[in-house]
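Morning, everyone. I have one structure to walk you through today. Please bring it up on your screens.

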Amino acid sequence: MKIIKPRILKGTRDFMPNQMIYRDFVMSKLKTVFEKYGYEPLATPAIEYFDVLSGKYGDEVEMLLYRLAYRDGRTLALKYDLTVPLSRVVAMNPDIVKPVFKRYQIQPVWRAEKPQKGRYREFTQCDVDAVGSASVLVDAEIIAIINEMMVSLGFQNFEIKINNRKILDGIAEYAGVSDKSKLVCRCIDKLEKIGVEGVKDELEERDIPPNAIDKIFTILSLRSKVGLDTTREKEATLNAIEERLKEFDNPRQGVDELRQINDSLKCLGVPDANYSFDICLARGLDYYTGPIFEVVVKEANIGSLVGGGRWDTLIGQFTGREIPAVGTSFGLERLIDAMGMLSLLPPGQTKVQALVAPFNEDLMMQALTYVSQLRAADIKAEIYFEPDSIRNTMGYANRKGIPIVVIVAPDELQEGKVAVRNMQMKRQEKVDIANFVTRVREILTDENT
RNA sequence: GUGAGCGUAGCUCAGGGGUUAGAGCACUUGACUGUGGAUCAAGUGGCCGUGGGUUCAAAUCCCAUCGCUCACCCCA
């Protein structure tokens, strides 16, 4: 027999039971919040026609599409994100957007990247989008969801950065380099990372004329103190940007949208300390057209945990008729990685609540009826099938973190009882067989409160 | 795609030309005859990633290759 060496593609992972518990935990929180805001689930295939995905993201990203060598080798690809498949669904079912289609979607996506910290080839995106409305109130709602989500997961110091593509384009227009708008955006996006001089150098290298660079920086100097602004400071920043760019329609509109978002967020109860307007935020994907946002947790240092924005023209690429849309994407793995680093993940490595431990083979059948009784009472219970020694049984329960062990042994049975051991408290008591399920339930609820 | 670093026990790593390759943790067994996180003792476990080269001698130096990690680009 030929032995195949077991291995796994770089950038993909197996999720063991203890990790799945965390994934389920975070996903259920996400679903709860999404549904609370009226969004409904959708799923799409892993495989799409290549031309459906191609040309939507941008030149660099195009290389990262996973193409499938099916038939001619170029007609299919694995999905790269959940937004383009959604736009395809809407293009095929245009009626669902009357008046608005609000969906969430939690599925894996694939990117042909070189993996590194916080970056995988297969990972799970958790998207919420609203399709059909051009109202900036929806943008605010998405940001409110992001905020509630981050708070609900236990993050204390996070920052929702908000900007607008229209303002970014305006900066390039103001500097007289509209044709290089994308390039300019990419450079100023790095301000935080490489500093003012770094950005200047990079702009020079890309042949942006010195006077244009100066003009770009007169706008960037209006940048607010990220994350620390009060409402009034935010308004002042927006006003200053608007004043500087007032001769250009597009950026003026962009500023106005942010102002409306700011007002809406106040009504939606999003604290000022949790978001900021950052005119350096760019986002790489081509399909964003209006407000864009991103969440960074500085302590975690694994890039953005959440990213999104308005994408009003994507669906039009399929139908010729534009349908406005806005939404965001949560990176499941990055959220969990960050929560792990900040100790925000709940303890507990198993969901099993009770282990029934027969003392010897002769008591196995009896033990089966007991474990069955526990399950009938909706207690997650398993039986230890190898009654080799009570020591090993306890060791197993301990390793796995099972809170209660029900010992079925001759001494107790003679009195019509079983032993119920609370592992955490190291307390053990004899309980009448008639009552042991109730007793187990009591111990479990005591512990959980 | 560009660049850097690392591959030694199940895990984290030491050893950086010279007998038979080490430690901690984990695992197995025992002290403990019906009880798990502790302690102590003993034990199992290695083609030193793979292939070639230099050398009297290679885990150690050189080359290649594979794998992993990190950074750039871009992104969740």
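Let's start with one residue. E159 is buried, because its relative accessible area is 7% and the cut-off for buried is under 20%. Keep in mind that this is a predicted model.

Where does E159 sit? It is in strand β7, which runs over residues 159-164. What does the side chain of E159 make a polar contact with? The partner is the side chain of S276, at 3.4 Å. Now find L265. It is 106 residues from E159 along the chain, and the C-alpha atoms of the two are separated by 14 Å.

Next, K166. This lysine is in helix α6, residues 165-174. Is K166 buried or exposed? It is buried, since its relative accessible area is 15% and anything under 20% counts as buried. The side chain of K166 has a polar contact with the side chain of E257, at 2.6 Å. Which residues does K166 touch, once we leave aside its neighbours within four places in sequence? They are N250, P251, Q253, G254, E257 and T289. So E257 turns up here as well, because it is on that contact list for K166.

A third buried residue now. S133 is in the loop between β6 and α5, and α5 covers 136-153. S133 has 17% relative accessibility, so it counts as buried. Its side chain reaches the backbone nitrogen of S135 at 3.1 Å. Leave aside the neighbours within four places in sequence again. S133 is then in contact with V100, V138, R310, P324 and A325.

Let's zoom out to the whole chain. How many helices and strands does chain A have? There are 17 helices and 16 strands. The C-alpha atoms fill a box of roughly 95 × 60 × 45 Å along the principal axes. Chain A has 449 residues, and 51% of them are buried.

Now contacts along the chain. Take those in chain A between residues at least 6 apart in sequence. Of these, 69% join residues at least 24 apart.

On to the surface. The accessible surface of chain A comes to about 22,100 Å². Carbon and sulfur atoms hold 51% of that. As for charge, chain A has 61 positive and 65 negative charges. The mean positions of the two sets are 3 Å apart.

Now the RNA. There are 37 residues around RNA strand B. Which of them come nearest? R119, R186, R283, G284 and D411 do. Look at the RNA side too. Of the atoms of RNA strand B that come within 4 Å of the protein, 48% are sugar and phosphate.

Which elements each supply at least two residues of the surface near RNA strand B? They are β6 (122-131), β10 (304-310), α15 (390-400) and α16 (410-414). The element that gives the most is α15, with 5 residues.

Here are three atom pairs to click on. D411 places a polar side-chain atom 2.2 Å from a base oxygen of RNA strand B. R421 also has a polar side-chain atom by a base oxygen of the strand, at 2.6 Å. With G307, the protein atom is a polar backbone atom, and a sugar or linking oxygen of RNA strand B is 3.5 Å from it.

Last topic: backbone geometry. Most residues other than glycine have a negative phi, and most peptide bonds are trans. Let's look at some exceptions.

Start with the bond from K98 to P99. That peptide bond is cis, with omega near -5°. P99 is in the loop between α4 (83-92) and β5 (101-110).

Now phi. S343 is not a glycine, yet its phi is positive, about 55°. S343 is in the loop between α13 (332-341) and β12 (354-358). Is S343 buried or exposed? Its relative accessible area is 63%, so S343 is exposed; the cut-off for that is over 50%.

K426 is not a glycine either, and its phi is positive at about 60°. Where does K426 lie? Look in the loop between β15 (417-422) and β16 (427-432). K426 has a relative accessible area of 65%, so it is exposed too.

That's my tour. Over to you.

Terms used:
Residues numbered from 1 in each chain as written. Chains lettered and ligands numbered in written order. Predicted model: local features only at pLDDT ≥ 70, side-chain atom pairs only at ≥ 80, totals over all residues. Heavy atoms only, no water. Helix = DSSP H or I, 4+ residues; strand = E, 2+ residues; numbered from the N terminus. Buried < 20%, exposed > 50% of the residue type's maximum accessible area, 1.4 Å probe, protein only. Contact = heavy atoms within 4.5 Å. Areas by Shrake-Rupley, 256 points an atom, 1.4 Å probe, with all protein chains shown as cover. Lys, Arg positive; Asp, Glu negative; His and termini not counted. Charge placed at Lys NZ, Arg CZ, Asp CG, Glu CD. Near = heavy atom within 4 Å. Polar contact = N/O pair within 3.5 Å; in protein donor to acceptor, adjacent residues only side chain to side chain.
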